Structure formats: structure tokens, C-alpha cells
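Please look at the sequence and the structure shown below, and then read the report that follows, which takes up helix packing, unusual backbone geometry, salt bridges and a surface patch in turn.

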Amino acid sequence: MSHKHPDHDNWEAVIGLEIHVELNTKSKLFSVAPNHFGDEPNTNITEVCTGQPGALPVLNKEAVRKAVQFGCAIQAEIAKFSKFDRKSYFYPDSPRNFQITQYDQPIVKGGTIIAEVNGEEKSFAVNRVHLEDDAGMLKHFSTFAGVDYNRAGCPLIEIVSEPCIHTPQEAVAYAMMIKAILQYIDVSDCNMDEGSLRIDTNVSVRPKGEKELRNKIEIKNMNSFSFMEMALKSEIHRQIEEYLTNPNVPQDQIIKQATYRWDPEKKETVLMRRKETADDYRYFPEPDLVPIILTDTYIEDIRQALPELPLQRERRYVRNFDLSRHQAFALTSDKALADYFEEALKTCSNARSLSNWLLVEFAGRLKDSGETILSIGIKPLHIATLVNLIDQGKITGRIAKSVADDMMARPGIDPAIIVADNPDYQPLNDQAQIEGFVNQVIADNAQSVADYKAGRDKAFAFLVGQVMKLCRGKASPQLVNELLKDRIEKMKI
Amino acid sequence: MYNQSAIEIRDQFVRGERTAVSIARYYLDRIAKFENQIGSFLKVYEDKALYQAEQLDKKRAANQSLGKLAGIPIAVKDNILVKGEIATCASKFLTNYRAPYQATVVDLLLAEDAIIIGKTNMDEFAMGSSTENSALQKTHNPWNLKCTPGGSSGGSAAAVAARLCPLALGSDTGGSVRLPGAFCGVVGFKPTYGRVSRYGLVAYGSSLDQIGPLSVYTADTALMMEVIGRNCTRDSTSIPEGPEEYLSQFKNSIQGMKIGVPWQFLDNLADESRHAFEQAIESMKQQGAQIVEVDLSILKYAIAVYYILATAEASTNLARFDGIRYGQRSPRAKTLEEVYDFSKEDGFGAEVKRRIMLGTFVLSAGYQDAYYRKAQKVRTLMLRSYKEAFSKCDLIATPVSPFAAFEMGSIQDPVQMYLQDIYTVGVNLAGLPAVSIPNSLTKSGMPLGLQLIGPQKEDRRVLNVAHFLEKILPFHNATPKFVNEEVKL
């Protein structure tokens, strides 16, 4: 699955993303029931969200506001007139057996997402964003299935992209930026584990240069960005292979409309159901609701009140802190992380180093734990202190890595204290002692010395390494470099 | 007492001349005597009503302020939810459905100290024009027990006609308050769409439904409207106005009023009905009204448009009855598909199934443009037609139905049944206020009604003229013979 087929290079993928986002309003979209995850089943319900006879929907104005905020944040057109429609389908998680959604007149039209992909800024077009209510959740037990209506009626915005995404990396960058924007304007928790951010994708492939779109399939159930990337990679490969291994079959017979789900165990897309014909949802205007009519003032006020958005923050980081675009994007993609970074900057001015420690060193240490720098309890002040200790020469870079390991093991302890408590972390500044080690290494490695003198720099690095070993990493590499060079130069050949 | 108005009864209670318990007891006794022949109630709240009456008597004794409906026993159509009580909508599907919340109108009634005396029979899910579609029982017209009381609010109309209670609530989607009102010789009023809250009314046609009162006297309907005609924050289609005053605004003249009559549209009226209608118009003329011809020929499409739009909305409104959350679930169902299929198969009657299928069809891919969308466009033309007509007149007058009440079982063809609504459905499509008042009696002694229709929000004008005409029309508060007996207290 991972081998590269040269023929595949002549193909491109066409990807569209549909992202469902649960808004973090206090109550649901059409009922006063609390909009809250994780409570006892069927406790956050009213007659409206359980589809009792005679119940009527009443629109949550806060949800409208949040939808408009998002529309403004992606520079889309906010529809001054939009309306709701009934979308009919039968399923136990649907309390009325019709969803209230926006079919042909959504509240937000168009929009742009600018995200960094492999170091470059790329622009992606959004087709529309609309409001709709969520369904309940089916829970399966051994002898029966139960329905929990806590989630039924929760407010969603559905963000539909144009089919303008061409690689899995682009898809991830696009989705991450949307998530970041949602967090920055505080309209959603964006918690993929809890289902407050859900991504479905439509994928098709075609030979490069071909203008028409070929048949696409839908992939559901990818509940992380990395799963999405894997699923897309896998599916794109599968589709191209299908075309390549069936050269005599008519093109529209090779890939047929279907829905797949991502299987994280098998690490491949698995067919859920074929879609022979399009579903007939019998959309018609919702007679129990009046249209949403917005004024220019309402929209402008929201636009003016938007906070700094991820792209603006990213550009600020590049401008003010001299970070690379990639570093700035990685930091600002997660609002909490960017906030953490700026908090640390209050006591440490080395932005580049801080960024490296957050994005590389600690990120690497956190990777398999499922935690983040925030959840594990390491304070921004402490990362700042660590960087300061290095910059002040109080510890070497190498020692700092051990200190970082200690901070991971005992989160919340000030690194200055960790250093003070551990004699091994005290830097070796005794030049005489280092000179002693230098002499020893030179004596033990005559061949390497000769190699270095003959012009092989690698030999020198080896010698430095040997000295650092003897110093148990506590000496400043710079000092060791100087002393070693000096000693070798002074040596008689 | 049974020929007294609700207002008179309330006043007697408030003045201390009668106790609430005696009033309730009186009507409960009438129910006990006549109900088994009429069948208007699905449930009589005997204990509850007497309890409410006791509380009310205590309130009065303690000199607490009393509501506008104090002591009046009121019947409520069984598609309007009373919290904690079964609401069947006259369907097998909901014989076990206990309402977990209450309709706004019921809250309003209780806040004004009304006594809810019971729930009345209806066509199943309000689909029908004769109450024959009730899955639970038959209701007989007090004027002739072989005849239907009209529908779908037949139970409420029959109860009022038989003086089993002075006031009742019904619901009107295509004529379901006005038609039974006409068939039973009582006043039936449909408010402007949005005037009365639909919260707690089991929905049939969402853009057409309105709850409306039925009473012997127009003044009682006006009183009821003063209580229930107001904005409700739980109904997004509720107009942001009200309550209005009606009783204090009654005028004693229709001098100079312009009454529009769509003569063209009435071409096919049977002789007796035509004669009765023309007499009513003549009376109005004599009282100083000006009769103006108006063009409502577009209404020849009204039945078609109504049965497309109402059934479309109904097909989605009734989708929630699926055997999953409440109501009856078919015991023979083993899979999810079967729960859906068998529960609906067993729970719904033929007419309900018919309308759900029709509504689903007109919304389905490939047909929606030709049926649903086309019907919406024609609806707009009807709105314009009415508006144009009202630029020439203050109210429009028509008969309520082509005939008086027909014998039960005499109309088997569903489409022929639909044609009963020919004069009433246009009003719902345009959201207009309209009333049916008893006009005269046929040779065989059956009531014929007169319909008055006003522009949107002119409920007051409609009630005003109805109140005036009540005094001059030949019907003159006639009472069905067999209920014309006093029941000893």
C-alpha cells in the first residue's frame, strides 16, 4: 500500500470536505434543552427535541450569531435572507424523522480558507456554511439498541468546501485551519473525540489534465486528522489502482458511488453501503419557522468584533518573532498552544528556541501519551525558564534534554529546581578538567586526529563526542570545541 | 341553564348566585344523560372538573380575583394536549399517549379559571370533514342522530350544540371548526393564522392549522378569543400582537359595511342552500350593508391546492409516529423496518394513510415542481385574489358548505368528501379570519351556516358582524329538540 507506483504520479485526486461542527451555545438549536456533552442519557431533552406531538421549534439566536461569526471569519458572504427546510428520512436517532436544515438558501455563502501546506500559503474555496440540527445517538447493547436524545437538536454548522483540495496534506491543512478559526472565535469545542467536529470527505481521482470529475466515493468515521490523512492516502491509491488495472472497463463503471468508513485497525477504507440512486429527502421549506433576516448593521457589528484570527496571528509571529512560516502555522493552528507560547514569551524573549522546544522537543515526548503540554500540567513559565537556563549558559543543550525528560515525569516542578537538585546537571566549567579529558581523547584516538588533520571534519566531530562522553555531557560543546581545536593545533605532527 | 351563555354563567358564579361545583355538576349530568346517544366526548374529566370547581369555589369564598372564564366548563378537542392526560387525536396510534406537557391554549384557559370538562372526538389526526374517520367512536349530530356532526372538530361542535358545555375548542385546517359549526348550528370561528398559539396542538397542516372556539353565542367566542388570541414565544409562527378586545368593541350596526360576494364561485350550490344564502344577503342589505360582487374564481383550484399542501406538511408532521418513542408499537414487529411498517399499518386509519401517501408523493423527486411548488404559487395567487377582493369590500360572505349535514356513511368516495370543504379551505390557504354562524334551518330541520371572512388580522371585524347578524338571522338560537330537556339538578 505504501509502495510508490510511478504511474500514480500522472493522476490527481479531487477532494471535497464536509465538516460538521457543533456550536457551543448554551441550549440547542430549536429547543431550550441544555447543549452539553457527556450527561446521563435522555436528561438534556424537552418535548421539542424528542419530537413530541404538538411541539414546535424556536430558533436559538446565539446559534445564528455564531454561524455569522464564522462566515465573517472566512470572509464569506452572509446571506441577509436565509431559511430552513425539512429534510425527511427515517431513523431512530431522528426524533421527528425529518431534520431541520438549510437546503437552498444557506446563511453563509462562499468563503476562503488560507492554510500553510509544506511551507507555502494555499487558498481553498468554501462553497457554503449552513445551520442544521443534530441527531441523537444510538447506543447498542447486547439484546437491544437504545437511543439517547441528548444530542438530538444540538446546533450544527455544516461547512462544505469546493472540490478544490488535491492532496491528503492539503485536506489536513484545510481542516486544521477551520478548526483553528472555530477555536479562535470560540464557537465550538472542536473536540473530535466527543464528536463536536466531524469530517466526511468525498474523493475521486482523474488523470492530470482531465477537466471532468469522475465518480466519487464518500468516507466517514475518520475521527482524527491523522486518520483522515491515512484514509485519503489509502483511498486515492485504491482508486488509481482500480483505474489502472481495469483499462478496458468504461470509466464510470470502475468507481461507483458508495460510502466507506475508515477502519483504524485494518488501516484501510471499508465499504459501508452502495449508493445506487441518490436519496430523496423531499426538501421543502420548514413551515414552523420564519426566515432569518439579517441587517447590514448586525453583520458589520459581528465582523468588527472578531478577535485576531489564526492567519493574522501567524503572520504576526513571523513578523514580530522572526519565526518560520511553518513554525508560526504550527503554533497558531491550536489556539491554546499559541496562548501558551505567548504566556511563556512574557518571561523569555527567545521565541525561536521556545518554539522549538514546544513544537519539536516536548511535542515528541508527548506524542504517544495522548496528552498535550497543557493537559500534562507543565506551565508556560517553566518552559520559559528552561530556555532561559540554556541561554544563560547555566545548562547545556544536552542537559536541557534530560531536564525536559524530568519535567515530563514530574510535571509542575520548576526546571530551575530540577537543575539545582541534580548534581549531574551542574555544568562542567572547570577548564582544567576538560583539558584533561581533551588530552586523554587525543592520546587514545591518534588515527582520528590524523584524519582530522588530513581534512576530514567528521573525525573532529567524533573527537568532540568522545570528550563530551567523558564530561558526561556537562561541558559546553563550544568550550570543548575550542579546547580540542586549540590542543590539536598546538600538537606537534 | 343550558341555554345561557358562557358569559352569563360566569357572571352568575362570580356574583355568587351559583357555585362552580353546581355548574360543573349540571353539565356533567347533561353529559350523563345525552352523551351515549351523541358520542361527542372521548374522555369526560368528571373528577378533575369537580375538583377544579371546588378549588374555584374556595377561591371565590376567599375573595381572590377570578379569571375571565371562571367556572365555565370547556371541552377541548383531543388533538390539544392537556398535561398528564391521554391525547389520542382519535387514533389507535395514541391510545396510550399521555401528554408530557401542555398546550399554550390550555395554560391560558386554566389561568382564567376555566374548567376543562373533557376531550372531544374528532376525525383521526384532524383529517376529515365528518368525524367519521375517528378510529375510536362515532359522533352523532344532535339535530339528527343519523347525521354526521361535520368534521374534523365534530365532537366539540356536537357537545356545544347539545348543550353539554357552553364552550369548546376545536382546530381548523381546511374548515374543521367552521364546517362542524355549520352542521351543528353553532358558532365556529377560525382566527387569523398565527393569532392563537399552535404549541401543544398536534400538527396536521402547519401553515394552515389554527385553534378556534365553538359556542352557541358569538359573544362567548369573542370572550374565548380575548383569552387565547395572543402571542406565544414557543410558537415561531405566532403573530407578535394581542390580546385584542372584542366584547367591548361590538357595534350595533352594519350600516355602510361593504359585503363582498363571489357569486360566480357559488354557481353549483344546491337550491335550498342557495336560497338560504341569498336570504342572508338580503337581510344584510336591509340592515344597511352594501353588497359588492368580488372575483374569487381562482378558488376553483382551492381544493387541489389544499390537498397538495396540507398533505405534504402532514406527511412530515406525522412521520414522528413511528413506534419508536411513544404511542403504540406493533407487537409483531421484529426488526426496525417492521417497527416502522407495522406500527403505522396498525396505528393509522385509511384516510390518514391516504393523505400521508399523497403528501409524500407531491414532495418526491420528479414531482415536487409539478405539484408542491405549483400549488404554493397558486396559493400566492389566491392571497392576491383575496387582497384584491378586500380592496372593494370589508368582509366576504359565502355559504359554509354546499349542503347541510349528511347521513353517516352516505359519502364513501374520499374526493367527494373533500369537496365539502370547497368554501372553507381558501380561508386557511390565505390565513384569514373567518366565522361560521347558524343562518337558518332546512326543510328537514338541519342547520345551514353562513360564513364571514375578513382580511388578515381583522378578527374583530368578523366577530363584530357575526355578533350583529346573530340577532337577525332566522336561525335565532334554535336548539336541537332532543336535548331540549332540563336535567334535574
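Helix α10(A) passes helix α11(A) in a right-handed crossing, where right-handed means that the near helix is turned clockwise from the far one by less than a right angle, and left-handed that it is turned anticlockwise. Helix α10 covers residues 380-391 of chain A and helix α11 covers residues 397-409 of chain A, and the two pack at an angle of about 165 degrees with their axes 11 Å apart. This makes α10(A) roughly antiparallel to α11(A), because angles over 145 degrees count as roughly antiparallel, those under 35 as roughly parallel, those from 65 to 115 as roughly perpendicular, and the rest as oblique. The axes are lines fitted to C-alpha atoms, for helices over the stretch in contact, and the angles run from 0 to 180 degrees between N-to-C directions. Helices (H or I, at least four residues) and strands (E, at least two) are DSSP runs, numbered from the N terminus.

This is a predicted model, in which local features need pLDDT of at least 70 and side-chain atom pairs count only at pLDDT 80 or more, while totals for chains, interfaces and linings use all residues. Residues are numbered from 1 along each chain as its sequence is written, chains are lettered from A and ligands numbered from 1 in the order in which they are written, and side-chain values use heavy atoms, with hydrogens and water left out.

A second helix pair in chain A is formed by helix α13 (residues 431-444) and helix α16 (residues 477-490), whose axes come within 10 Å and cross at roughly 55 degrees. That angle makes α13(A) oblique to α16(A), and the crossing of these two helices is right-handed.

Helix α3 of chain A, residues 225-245, contains E241(A). In sequence E241(A) and H8(A) are 233 residues apart, yet in space their C-alpha atoms are 8.2 Å apart. With a relative accessible area of 23%, E241(A) is partly exposed; buried means under 20% relative accessible area, exposed over 50%, and partly exposed in between (1.4 Å probe, protein chains only).

The backbone also deserves a careful look. D322(A) has a positive phi of about 55 degrees although it is not a glycine, and its place is the loop between α6 (310-321) and α7 (325-332) of chain A. Because its relative accessibility is 52%, D322(A) counts as exposed. In chain B, N63(B) has a positive phi of about 60 degrees, and it is not a glycine either. N63(B) lies in the loop between α3 (46-61) and β2 (73-77) of chain B, and it is exposed, with a relative accessible area of 71%. A cis peptide bond, with omega about 10 degrees, joins G151(B) and S152(B), and S152(B) belongs to the loop between β3 (115-120) and α5 (154-161) of chain B.

Salt bridges come next, each being a side-chain nitrogen of Lys or Arg within 4 Å of a carboxyl oxygen of Asp or Glu. Over all chains, the count by this rule comes to 57 salt bridges. Three of them are set out here, with the closest N to O distance for each pair.

| Salt bridge | N to O distance |
|---|---|
| K83(A) and D85(A) | 2.7 Å |
| R313(A) and D339(A) | 2.8 Å |
| E342(A) and R316(A) | 2.8 Å |

In the pair of K83(A) and D85(A), K83(A) counts as buried at 13% relative accessibility, and D85(A) is buried with a relative accessible area of 2%. The pair of R313(A) and D339(A) links distant parts of the chain, with R313(A) in helix α6 of chain A and D339(A) in helix α8 (residues 335-344) of chain A, 26 residues apart. R313(A) is buried, with a relative accessible area of 6%, whereas D339(A) counts as partly exposed at 33%.The pair of E342(A) and R316(A) likewise links distant parts of the chain, with E342(A) in helix α8 of chain A and R316(A) in helix α6 of chain A, 26 residues apart. E342(A) is partly exposed at 22% relative accessibility, and R316(A) is buried at 19%. A network of salt bridges links E308(A), R313(A), R316(A), K335(A), D339(A) and E342(A).

Finally, which residues make a nonpolar surface patch of about 330 Å²? The patch is made by L358(B), F361(B), Y367(B) and Y371(B). Patches are made of residues with over 30% relative accessible area and no salt bridge, in which like charges are joined within 9 Å and nonpolar side chains (Val, Leu, Ile, Met, Phe, Trp, Tyr) within 5 Å; the accessible areas come from the Shrake-Rupley method with a 1.4 Å probe, and for residues only the protein chains shown count as cover. Y371(B) is found in helix α12 (residues 369-390) of chain B, and it counts as partly exposed at 33% relative accessibility.
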